[in-house]
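Thanks for making time this morning. I would like to walk through one model with you, starting from a single term and ending at the ligand.

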Amino acid sequence: MSATPERRTRLTPGDIRARKGGAPIACLTAYTTPMARLMDRACDLVLVGDSLGMVLHGLPSTLGVTMEMMILHGRAVARGIERACLVVDMPFGSYEESPEQAMRNAARLVAETGCQAVKLEGGQHMAGTVRFLVERGIPVMGHVGLTPQSVNALGGYKVQGRGEDGARVAADAQALSEAGAFAVVLEKLPESLGARITEGIAAPTIGIGAGAGCDGQVLVVDDILGLFADFQPKFVRRYADLGRAAEAAIASYAEDVRARRFPAPEHGFADQGKPA
Ligand code: KIV
């Protein structure tokens, strides 16, 4: 064995940026260590999304998610990631006030979780903040189109950028790319707009309901595994039905307990004899 342990290196935000126009970038959300371990080899980018508020904590939206929640789950995910690039979402209220506020909180996320980059929502009005963070050493992923933290202003989780509004969303993505974002999430846009933005900006686009023309795709892991049954957006493909499998397993366990079929002799410990 070597005296210096092998140090595995993660993909960097620069590696992700270099994938523009190349092999599509696979991204999923993760919120826990075991799930992070399961996706580390398959995914290029792992996002600790503030969707954890709804998916894990039963909140009605992402608006109640705090820095402490993002740090707790960010740390957990970082323990499970060796290869993928790790990004943590900045929660609502942690960056909008000023570039200085964004810097303070982004630095906390990076220092306290071990993530390599942060993601924040918003277009042209956030470009100055993105530039401020990037110039101070914090890689940033942008997020335009449907920005869930603005659900009250947007009047719901509707498709964005239809018709003339497309030019605004395209300008948002362009502004973030020019400000130095290493990638930009495009959420819930017409396919044609997703493709047009992808062709027009230097940063890779990561689509979620923005069509196959994006440079990569992101989904919420619980959605693809059938674990979050509250609501299934049209843009999700379900690859497994683990929620139903878990429900059936739990019901079998409870029946076994009530029928005294569990525990069985092999689950018990003798008073003397073989050590446990
Ligand atoms: O919070 C989240 O999970 C996200 C995406 C899925 C893009 O922002």
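Before anything else, let me fix one term: a residue is called buried when its relative accessible area is under 20%, exposed when that area is over 50%, and partly exposed in between. Please also keep in mind throughout that what you see is a predicted model.

With that cut-off in hand, take valine 218, which is found in strand β8, residues 216–219. Valine 218 has a relative accessible area of 5%, and because the limit for buried is 20%, valine 218 counts as buried. On the whole-protein level, buried residues make up 48% of the 276 residues. The protein has 11 helices and 8 strands, and its C-alpha atoms fill a box of roughly 75 × 50 × 35 Å when taken along the principal axes.

Now, from valine 218 we can step to threonine 29, since the C-alpha atoms of these two residues are separated by 7.5 Å although they are 189 residues apart along the chain. Threonine 29 sits in strand β1, which covers residues 25–29, and at 3% relative accessibility threonine 29 is buried too. The side chain of threonine 29 also reaches the backbone nitrogen of valine 221, at 3.0 Å.

Threonine 29 brings us to the ligand, so which residues are around the ligand? They are Thr29, Leu47, Gly49, Asp50, Ser51, Asp89, Lys119, His143, Val185, Ile208 and Val220. Sorted by class, this shell has 4 nonpolar, 4 polar and 3 charged residues.

For those of you who think in terms of polar contacts, there are three distances to note, each of them running from an oxygen atom of the ligand to an N or O atom in a side chain. For serine 51 the distance is 2.5 Å, for aspartate 50 the distance is 3.0 Å, and for aspartate 89 the distance is 3.2 Å. On its own the ligand has 260 Å² of accessible area, and the protein covers 94% of that.

Let me finish on the surface, where Tyr253, Val257 and Phe262 form a nonpolar patch with about 270 Å² of accessible area together. One of these, valine 257, lies in helix α11, residues 242–258. Is valine 257 buried, exposed or partly exposed? Its relative accessible area is 36%, and because that value falls between the limits of 20% and 50%, valine 257 is partly exposed, whereas valine 218, where we began, is buried.

Key
Residues numbered from 1 in each chain as written. Predicted model: local features only at pLDDT ≥ 70, side-chain atom pairs only at ≥ 80, totals over all residues. Heavy atoms only, no water. Near = heavy atom within 4 Å. Polar contact = N/O pair within 3.5 Å; in protein donor to acceptor, adjacent residues only side chain to side chain. Areas by Shrake-Rupley, 256 points an atom, 1.4 Å probe, with all protein chains shown as cover. Nonpolar A, V, L, I, M, F, W, Y, C, P; charged D, E, K, R; others polar. Patch = residues over 30% accessible without salt bridge, like charges linked within 9 Å, V, L, I, M, F, W, Y side chains within 5 Å. Salt bridge = Lys/Arg side-chain N within 4 Å of Asp/Glu carboxyl O. Helix = DSSP H or I, 4+ residues; strand = E, 2+ residues; numbered from the N terminus. Buried < 20%, exposed > 50% of the residue type's maximum accessible area, 1.4 Å probe, protein only.
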